[in-house]
Amino acid sequence: MSSATTPALQADCANCFALCCVALPFAKSHDFAVNKAAGTPCKNLQQDFRCGIHTRLRDKGFPGCTVFDCFGAGQQVSQVTFGGRDWRGDPETSRQMFEVFPVMRQLHELLFYITEALARPAAAPLHADLRAALAKTAEATRADADTLAPFDVGALRQEINTLLLKTSELVRATSPARKKNHRGADLMGARLSGADLRGANLRGAYLIAADLRRADLRTADVIGADLRDANLRGADLRDALFLTQPQLNAAQGDPTTKIPASLARPAHWT
């Protein structure tokens with residue numbers, strides 16, 4: 001099963017106490033119309049924990065909200081870690097709940113990537129180690145709030161990243177194209193229309209506003225790549241490695257953009 005189709009790794013806002021709308025800060029910018037401090041409810045948040053402008057976020061100056069994804073961390077914290085107690089009804093939980101949410105979000109993101117790696121046949125030699133990493137990370141998500149708040153996600157991420165790098169090498173090796181290495185590269189605004197990027201290493205690359213029209217990104221490793229406003233019209237990302245929904249949501253595409261079946265076509269793509 002793909003990580004993107006695993007229910008526990010998909011945001012379930014109906015079972016979350018709007019933690020992303022309260023726990024996280026944001027600054028007035030292109031992405032957000034106002035400033036908001038961490039731990040302060042967004043001005044658009046309603047009493048039922050729903051967003052009052054959910055269907056108009058981009059029009060109202062909050063495109064940053066449309067690209068955020070908690071990978072299911074919100075409902076895990078709300079319903080499992082805190083057993084259904086919400087920060088409004090039980091204010092004493094708020095401080096710790098807001099501390100735990102960013103930690104859980106990182107853990108769930110790691111679960112997403114590990115699950116994606118396990119779905120790749122080319123990574124079969126690593127499957128035993130990946131399954132062990134999956135179990136270790138899943139166990140961490142079930143810890144109590146006192147354990148989660150100070151949890152060192154960075155150390156775990158470094159450990160798991162070694163496996164993800166090996167997975168990337170195995171998967172990209174299956175591509176017949178020349179393996180371009182653009183890891184961490186500054187490709188902002190780059191003209192890559194029609195580029196053959198199959199098997200390319202684009203980990204952490206800055207592809208902000210890059211022209212990727214009709215580019216072939218199959219088996220390219222795009223973990224951490226910044227695709228904000230990248231033009232993906234007509235591009236082929238069907239087998240892109242570690243591609244996430246937030247990355248698609250941040251980019252520009254159209255009906256001819258090919259995406260993995262496990263991900264959703266963003267509503268703003270035309």
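Tutor: In this predicted model, Lys and Arg count as positive and Asp and Glu as negative, while His and the chain ends are not counted.

Student: What makes up the charge balance of the protein under that rule, and how far apart do the centres of the two sets lie?

Tutor: The protein has 33 positive and 28 negative side chains, and the centres of the two sets lie 7 Å apart.

Student: Why is the radius of gyration said to agree with that of a compact globule?

Tutor: For 270 residues the globule rule, 2.2 Å times the number of residues to the power 0.38, gives a value near 18 Å, and the protein has 19 Å, so the two agree. Along its principal axes the C-alpha trace spans about 55 × 45 × 30 Å.

Student: Which kinds of element does the protein contain?

Tutor: There are seven helices and zero strands, and from the N terminus the order is accordingly α-α-α-α-α-α-α.

Student: How much of the protein is called buried?

Tutor: A residue is buried when its relative accessible area is under 20%, and 50% of the 270 residues are buried. The protein exposes about 12,800 Å², of which carbon and sulfur atoms supply 52%.

Student: What makes the pairing of Gln-96 with Asp-146 a polar contact?

Tutor: A polar contact requires a pair of N or O atoms within 3.5 Å; the side chains of Gln-96 and Asp-146 are joined at 2.7 Å, and that pair is a polar contact. Gln-96 lies in helix H3, which covers residues 94-118, and, leaving aside neighbours within four places in sequence, Gln-96 is also in contact with Phe-82 and Ala-145.

How values were computed
Residues are numbered from 1 along each chain as its sequence is written. This is a predicted model: local features need pLDDT of at least 70, side-chain atom pairs count only at pLDDT 80 or more; totals for chains, interfaces and linings use all residues. Side-chain values use heavy atoms; hydrogens and water are left out. Helices (H or I, at least four residues) and strands (E, at least two) are DSSP runs, numbered from the N terminus. Buried means under 20% relative accessible area, exposed over 50%, partly exposed in between (1.4 Å probe, protein chains only). Accessible areas come from the Shrake-Rupley method with a 1.4 Å probe; for residues, only the protein chains shown count as cover. The place of a charge is taken as NZ of Lys, CZ of Arg, CG of Asp or CD of Glu. A polar contact is a pair of N or O atoms within 3.5 Å; within protein, one must be able to donate a hydrogen and the other to accept it, and residues adjacent in sequence count only if both atoms are side-chain atoms. Contact means heavy atoms within 4.5 Å.
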